[in-house]
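Please look over the model below before reading on. The paragraphs that follow take the chains in turn, then the cores, one helix and the contact between the chains.

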Amino acid sequence: MGPLLREYGIALAAAGLCTAACFAISPFTALTDLAMVYLIGTTVVALRGSWGPSVFTSLLGVLCFNFFFVPPRFTFVVEHPQYVVTFLVMFSVAMVISRLTFRVKTQSEEARRLEVSAEAERLRSSLLSAVSHELRTPLTAIIGSAGSLLHAPGPGGAHWRELLENIREEAERLARLVHNLIETTRLESGKVRLKKELCPIEDVIGTALGRLDKPLAGREVRTELPESLPLAPMDPVLMELVFVNLIENAVRHASGPFPIDISACEQGGSLEIVVADRGPGLRAEPIERIFEKFYRESGSSGGAGLGLAICKAVVEAHGGGIRAENRTGGGALFRLTLPRKDRA
Amino acid sequence: MTARPKTVLVVDDETAIRRFLRAALEESGFAVLEAFNGRMALELAAARKPDVILLDLGLPDMDGLDALKRMREWTSAPVIVVSVRSDESDKIEGLDCGADDYLSKPFGVEELLARIRVALRRAERVREDPEPVYSHEDLRVDLVGRRVWLGKKEVRLSPLQYALLSSLVRNAGRVVSQKQLLKDLWPEGSSTPEALRILVHQTRHRIERDPVRPRHLKTEPAVGYRLEALDD
């Protein structure tokens, strides 16, 4: 209440000052001109931005004008009924001024706030691209250098190739993690516009599988995607990221020679896609917790807890949903739905 | 080898990246020129006439796309644009501005060398006739007889599916943008990207043993398609 009380104090002071000014100039001016002085007071208070105090100033102005200057002076009695009209006009003009001043003030504040948030957004996105560049450049150099050495005839040695492959594959894994981290930040800033195109889901899943060639080496992937599956509107780049994360998740949690199963079918107005493994399954309680950012299953190996959070964010941005369950016969199963029609 | 080694101009402001590119390229028998900014790239491209230009789009002194446009005013040497993943619009714009192909950072050495070989082969072939037969693993396309085989079995394609395949064969190993394919296959403005995606989908089901994990016809997300380079 402190600041508002202060505004009322300022309103009182404004009325007092106006009255003093009126006393000073009253010998030289017409009576009705004094009303203008009070309007100045109202404007000044309205500019400070509080509605109550500026109404209060308008009212005080009328009362002071009546009491101190309108004959008979120093009473609230009014000799000539025409002054009642003067009061009414004076009060309404004061109200109109307060209202207009108030509106201009809020609009300019709004504009300033928008400017500040646009500035923050620009800063965030330029920071993001700088961080992205700074993290990806060394990774590119590491992956490329390890690759160049693998390509060249090396000095040999039992572990030479193995270790170089290690460097390269782990740097690639780190690059995927950095990509996830950057995409999470982008999605959270709410600035991501989906570039939706009607795509065959087979194409997007295929690109994701292609991206994971190395981690998938020696692993059986069984797919069941009917050729006649209808197209669905999706951002192919972001949906690819969803499948890269789901498949990588299956590879990591179901280590061993277990196959990964991917299937899709049409369910009412949606596409339903299932990615399932035969690993140890999910222990989270409740199971939805695995979609929380930075959540990690106890005893699980690797993973920063970003992949599934991204999947959820992207699928939901498409107007779809993703659920996790334990598969009958063991393993984890992710079921995601994508609407076939754009709900604009 | 007595022939003059092919020269690659590497344009990148990061020393670590230029260093490994030089190592990988020299190891494979290329001569390497290095530029760390756009001005230097333009000077070297004009003075030394490299056979291939590897152009990173993030240059300290000018927009990489501007550098590309300026190069395209006087050189037809193949330009491979390098940019980070998730900058799909940069890649599309690069191809529109006359780049031959692109690489997404981070990239593997095999990928880099494959792109350069394809770009060089194309630059040479501009003067000669195209290879009449394309073959990659179990896929064979005879452009003269207009026939396609998968293994020993002949594949029947619709005229449009064949048009897509032959358009990709003529650009084998190189990305072809959606825009370019739409222009090649349909009269101006009479088709949509969806129709193209459906056509690719159908064609894949004819020429790939496992259409979910294609060996030949690959998608370059949000940019276009690439048919793997023909076997050496």
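What is the mean pLDDT of chain A, and what share of its residues reach 70 or more? The mean is 86, and 97% of the residues of chain A reach 70 or more, where pLDDT is the predictor's confidence in each residue, from 0 to 100. This is a predicted model, in which local features need pLDDT of at least 70, side-chain atom pairs count only at pLDDT 80 or more, and totals for chains, interfaces and linings use all residues. Residues are numbered from 1 along each chain as its sequence is written, while chains are lettered from A and ligands numbered from 1 in the order in which they are written. Among the elements of chain A, the lowest mean pLDDT, 83, belongs to helix α2 (residues 31-47) of chain A and the highest, 95, to strand β5 (residues 270-276) of chain A.

Chain A has eight helices and seven strands; helices (H or I, at least four residues) and strands (E, at least two) are DSSP runs, numbered from the N terminus. The radius of gyration of chain A is 36 Å, well over the 20 Å that the globule rule gives for 344 residues, so chain A is more spread out than a compact globule. That radius is taken over C-alpha atoms, and the rule is 2.2 Å times the number of residues to the power 0.38. The C-alpha trace of chain A spans about 110 × 55 × 35 Å along its principal axes. Of the 344 residues in chain A, 31% are buried. A residue is buried if 20 or more other C-beta atoms lie within 10 Å of its own, exposed if 12 or fewer, and partly exposed in between, with C-beta atoms placed from the backbone.

Chain B has eight helices and twelve strands. Its radius of gyration is 18 Å, which agrees with the value near 17 Å for a compact globule with 232 residues. The C-alpha trace of chain B spans about 50 × 45 × 30 Å along its principal axes, and 37% of the 232 residues of chain B count as buried.

The largest nonpolar core (buried Ala, Val, Leu, Ile, Met, Phe, Trp, Tyr and Cys residues joined through C-beta atoms within 7 Å) has 59 residues. Those with the most contacts inside it include B:Leu9, B:Leu54 and B:Ile80. Leaving aside neighbours within four places in sequence, B:Leu54 is in contact with residues including B:Val8, B:Leu21 and B:Val82, a contact being two C-beta atoms, placed from the backbone, within 7 Å. A second, separate core of 40 residues includes A:Ile205, A:Val242, A:Ala332 and A:Phe334.

Helix α2 (residues 38-48) of chain B has B:Gly38, B:Ala41 and B:Ala45 as its buried residues. They lie on the same side of α2(B) because they cover an arc of only 55 degrees around the axis, the arc being that of the directions from the helix axis to the C-beta atoms. The buried residues of α2(B) pack against β1 (7-11), β2 (31-35), β3 (52-56) and α3 (64-72) of chain B. The face turned away from this buried side carries the exposed residues B:Glu43, B:Ala46, B:Ala47 and B:Arg48. After α2(B) comes B:Lys49, whose phi is positive, near 45 degrees.

The contact between the chains takes 36 residues from chain A and 29 residues from chain B. On the side of chain B that touches chain A, two or more residues each come from α1 (15-27), α8 (193-207) and β11 (217-220) of chain B, and α1(B) gives the most, with seven residues.
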